[in-house]
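Here is a colleague's note, set out as numbered points, for reading alongside the structure. Please keep the view open and look up each residue as it is mentioned.

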Amino acid sequence: MTRVTNFNAGPAALPLPALERAQRELLDLEGTGMSVLEHSHREPPYEAIHREALGLLRRMLAVPDTHHILFMQGGARAQFALVPMNLLHPGRSADHLVTGTWAKQAWEEASLVGAACGATARVAATTEREGRFVRVPAADELALDPGASYVHLTSNNTLFGTQWSVFPDVGEVPLVADMTSDLLTRPIDVARFGLIYAGAQKNLGPAGVTVVLVRKDLLDGARTDIPQIFRYRSFASSDSLFNTPPTFAIYMMRNTLAALEERGGLPALHAENQAKAARLHAAIDANPSMWRAPVERASRSMMNVVFRLPTEALEKAFLAQAAREGMVGLQGHRSVGGIRASLYNAVRLADVERLVEFMEAFERSHGG
Ligand SMILES: *Cc1c(COP(=O)(O)O)cnc(C)c1O
């Protein structure tokens with residue numbers, strides 16, 4: 001068996017111990033004589049896994065009692081619609097900070113939901129320039145409405161490789177964050193957020209489950225004129241067993257979280273994530289005649305490091321040669337181009353060291 005070094009943007013690398021555990025347990029879960037895929041979601045073997053996954057998230061992210069943790073489906077994009085469906089009331093308005101492709105789509109979806117119920121989604125800041133985003137806004141660029149139902153931002157902009165390093169002060173208005181590509185990679189004060197959501201497939205586990213952290217009191221006033229399956233309250237009041245949950249995805253997330261906790265939890269993950277990004281950024285900055293980072297330094301992402309080579313032909317050669325050496329997933333998003341190395345939790349410092357050594361060899365062989 002040969003496993004490649006996987007820099008995929010999502011779905012992405014998973015910790016090897018989490019995969020090996022699934023392999024060991026697949027046919028017979030803990031002596032029950034059947035696979036987790038075959039168990040009822042209302043029987044103790046699965047319920048224990050479900051509870052353990054919830055407990056791991058609560059402990060690792062230090063989620064306070066003021067917040068529910070929900071497991072939902074439909075990915076982050078379902079949340080683009082569910083946040084306004086639940087929290088944007090007729091006649092009200094939501095503020096959106098537009099810093100990338102996903103952030104823009106979240107605003108577009110909220111606009112649609114709002115239009116259907118007489119509410120609006122405002123762009124309270126955008127850093128778009130000629131279809132590109134190279135930074136997050138400064139505090140004085142935000143035109144916030146103190147009467148907004150909530151402020152929505154995207155903590156890490158996966159395609160363009162920018163990230164909020166400090167979250168803006170939005171006063172008493174609830175802050176809603178799409179953290180799909182950086183939840184559980186750095187410490188956050190969950191209490192500062194009204195709602196956080198993340199598709200699991202970048203840092204938390206496989207595709208198929210979405211984690212939502214939501215302040216309990218926000219749900220008291222949530223809309224009830226929407227189908228039950230789309231209400232946060234349905235999931236909050238049933239421990240996310242409102243209907244059949246994606247049991248295997250939650251099982252794999254449990255395995256992933258357990259492996260990451262074993263590695264030292266959030267403090268260890270954060271330290272390693274900082275070291276990985278610093279190592280790669282240093283290699284890029286060391287040779288401006290070969291590498292160029294298109295994003296502003298203060299907005300650089302720790303998770304998705306985007307860079308360009310002098311020509312597209314060299315970029316193609318770089319990607320092909322990297323693939324031959326077992327390093328995959330390095331092509332930039334099709335709408336952005338260039339190179340993107342996604343350095344999620346399952347990517348280790350040694351993987352980044354390998355990439356940097358490859359870059360240095362590439363420089364020597366291509367006269368950079
Ligand atoms: C990947 C990603 C999405 C899309 O997630 P889906 O689960 O495919 O809907 C949304 N937002 C961000 C920040 C992402 O990185």
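1. A good place to begin is Ser93, which counts as buried because its relative accessible area is 11%, under the 20% that serves as the cut-off for that word. Please bear in mind throughout that this is a predicted model, and that the values quoted below are computed from it.

2. The surroundings of Ser93 can be described in some detail. Ser93 is found in strand β3, which covers residues 93–98, and, leaving aside residues up to four places away in sequence, Ser93 touches Leu88, Thr120, Arg122, Asp145, Ala148, Ser149 and Tyr150. Arg186, by contrast, is 93 residues from Ser93 in sequence, and the two are 31 Å apart in space, C-alpha to C-alpha.

3. Turning to the chain as a whole, the domain assignment divides the chain into domain 1, residues 16–261, and domain 2, residues 266–365. The contact between these two domains takes 22 residues from domain 1 and 22 residues from domain 2, while their C-alpha centres lie 27 Å apart.

4. How much area is buried between domain 1 and domain 2? The figure is about 2,000 Å², and carbon and sulfur atoms give 55% of that area. On the side of domain 1, Leu159, Gln163 and Thr185 together supply 25% of the area buried against domain 2, which is more than any other three residues supply. The size of an interface is often expressed in this way, as the accessible area lost when the parts come together.

5. Which kinds of polar link cross this interface is worth setting out with care. Across the interface of domain 1 and domain 2 the rule finds 0 salt bridges, whereas 11 residue pairs are in polar contact across it, both residues of each pair being at pLDDT 80 or more. Sorted by class, the side of domain 1 that touches domain 2 has 8 nonpolar, 9 polar and 5 charged residues.

6. Although none is found between the domains, the count of salt bridges comes to 15 by this rule. One of them joins the side chains of Arg21 and Glu25, at 3.4 Å from N to O, and both residues lie in helix α1, residues 16–25, where they are 4 residues apart, or about one turn of the helix. Glu25 counts as buried because its relative accessibility is 14%. Arg21 and Glu25 also belong to a network of salt bridges that links them with Glu52 and Arg254.

7. A second example is the salt bridge in which the side chains of Glu272 and Arg348 meet, at 2.8 Å from N to O. This pair links distant parts of the chain, since Glu272 is in helix α8, residues 265–286, and Arg348 is in the loop between β15 (339–342) and α10 (349–365), 76 residues apart. Is each partner buried or partly exposed? Glu272 is buried, with a relative accessible area of 16%, whereas Arg348, at 33% relative accessibility, counts as partly exposed.

8. As a last example, Arg297 forms a salt bridge with Asp285, in which the closest N and O atoms are 3.2 Å apart. Asp285 lies in helix α8 and Arg297 in the loop between α8 and β13 (304–307), with their positions 12 residues apart in the numbering. Arg297 is exposed, with a relative accessible area of 59%, while Asp285 is partly exposed, with a relative accessible area of 33%.

Methods
Residues numbered from 1 in each chain as written. Predicted model: local features only at pLDDT ≥ 70, side-chain atom pairs only at ≥ 80, totals over all residues. Heavy atoms only, no water. Domains from an automatic or database assignment. Contact = heavy atoms within 4.5 Å. Buried area = accessible area lost by both parts, 1.4 Å probe. Salt bridge = Lys/Arg side-chain N within 4 Å of Asp/Glu carboxyl O. Polar contact = N/O pair within 3.5 Å; in protein donor to acceptor, adjacent residues only side chain to side chain. Nonpolar A, V, L, I, M, F, W, Y, C, P; charged D, E, K, R; others polar. Helix = DSSP H or I, 4+ residues; strand = E, 2+ residues; numbered from the N terminus. Buried < 20%, exposed > 50% of the residue type's maximum accessible area, 1.4 Å probe, protein only.
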